[in-house]
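Subject: The structure we talked about

Hi,

Here is the structure I promised to pass on, with some notes on what turned up in it. Have it open while you read, and follow along residue by residue.

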Amino acid sequence: ILGGATLISAVSYLFYGSVWVSLILLPYLFSYLRDWEKKQIQKQKLEFRKQFCSAIQAISVALGVGYSAENALKEALIDLQFMYPKEAKIRKEFSYMIRQMEMNLPLEQIFFEFANRSGEEEVKTFATVFGMAKRSGGDLIEIIRSTVWQMGEKQEVKREIETLMSAKKMEFQIMSLVPFAMIGYILGLVIIGKIVKKKK
């Protein structure tokens, strides 16, 4: 809110010579806040995807040393406690999943519910593959490793696209600031000129 209000006030003063014009431009603050909210949600989603990738890698390692799927989930949480703070979403989710497991809920169901809560396509895919492998007695370790690799490849492509998009956005933001800089420079010269005249 402070950032948006400052921007509107700056536009009002530079282009109209009065901060009171910002009252007329106030509706644009809601648009600014909506864009900011979308960016924050996207940022949280990206962070959660990274956390989930770390979690299933931890599960894969635990399965590799001989733990059952249920115990692998517990071991993964121990690893996540070293990697992420207590308020991290993945830690809260895994803690809740373990409580569900202790109430004798099937692990496949626990993962499906986790996938539905997260709303992430990668989590839903993993839950589906995990459930099928668990029921059919497939090689869980290999399936999880394959899933981790595919997720890593997908995230790498997304990161490259986001890097290009960020560069373009930065260019646009710099170009958007040019008019403000020019008007600010002219206003500065005018103010300095007035000060000099007063002194004379």
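Let me start with a pair of side chains: R49 and E120 meet in a salt bridge, with 2.9 Å from N to O. R49 sits in helix α2 (residues 27–64), while E120 is in the loop between α5 (107–118) and α6 (121–136), so this pair ties together parts that are 71 residues apart in sequence. R49 counts as buried because its relative accessible area is 13%, under the 20% cut-off. E120 is buried as well, with a relative accessible area of 6%. Please keep in mind throughout that this is a predicted model.

How many salt bridges does a search of the whole structure find? The answer is two. Besides the pair above, R117 forms one with E93, and the closest N and O atoms there are 2.6 Å apart. R117 belongs to helix α5 and E93 to helix α4, so the pair ties together parts that are 24 residues apart in sequence. Is R117 buried, exposed or partly exposed? With a relative accessible area of 34%, R117 is partly exposed. Its partner E93 counts as buried, at 10% relative accessibility.

The overall picture

Stepping back, the chain has seven helices and zero strands, so to speak in symbols, the pattern along the sequence reads α-α-α-α-α-α-α. What radius of gyration does the chain have? The value is 26 Å, whereas a compact globule of 200 residues would have one near 16 Å. Along its principal axes, the C-alpha trace spans about 90 × 30 × 25 Å.

Some totals may be handy too. Of the 200 residues, 28% count as buried. The chain exposes about 13,600 Å², and carbon and sulfur atoms supply 64% of that area. Taking contacts between residues at least 6 apart in sequence, 55% join residues at least 24 apart. As for charge, there are 28 positive and 21 negative charges, and their mean positions are 15 Å apart.

Around helix α4

Helix α4 (residues 89–102) holds R91, a residue you may like to look at. R91 is buried yet has no salt bridge. Which side chain of opposite charge is nearest to R91, and how far away is it? That is E87, at 7.0 Å. A salt bridge needs the nitrogen within 4 Å of a carboxyl oxygen, so a distance of 7.0 Å leaves R91 and E87 outside that limit. Leaving aside neighbours within four places in sequence, R91 is in contact with L77, L80, Q81, Y84, P85 and K86.

Q100 is also found in helix α4. Why does Q100 count as buried? Because its relative accessibility is 3%, and the cut-off for buried is under 20%. Not counting residues up to four places away in sequence, Q100 touches L105, I110, E113 and R117. The last of these, R117, is the residue that forms the salt bridge with E93.

Just along from there, N104 lies in the loop between α4 and α5. Its phi is near 65°, a positive value in a residue other than glycine. N104 is exposed, with a relative accessible area of 71%.

Two more exposed residues

R135 is found in helix α6 and is exposed, with a relative accessible area of 55%. Setting aside residues up to four places away in sequence, R135 touches E108 and F112. R135 and L73 are 62 residues apart in sequence, and their C-alpha atoms are 17 Å apart in space.

T163 has its place in helix α7 (residues 140–199). Is T163 buried or exposed? T163 is exposed, with a relative accessible area of 54%. How far apart are the C-alpha atoms of T163 and K198? They are separated by 51 Å, with the two positions 35 residues apart along the chain as the sequence separation.

Happy to go through any of this with you over coffee.

Best wishes

How values were computed:
Residues are numbered from 1 along each chain as its sequence is written. This is a predicted model: local features need pLDDT of at least 70, side-chain atom pairs count only at pLDDT 80 or more; totals for chains, interfaces and linings use all residues. Side-chain values use heavy atoms; hydrogens and water are left out. Helices (H or I, at least four residues) and strands (E, at least two) are DSSP runs, numbered from the N terminus. Buried means under 20% relative accessible area, exposed over 50%, partly exposed in between (1.4 Å probe, protein chains only). Lys and Arg count as positive and Asp and Glu as negative; His and the chain ends are not counted. Contact means heavy atoms within 4.5 Å. The radius of gyration is taken over C-alpha atoms; the globule rule is 2.2 Å times the number of residues to the power 0.38. Accessible areas come from the Shrake-Rupley method with a 1.4 Å probe; for residues, only the protein chains shown count as cover. The place of a charge is taken as NZ of Lys, CZ of Arg, CG of Asp or CD of Glu.
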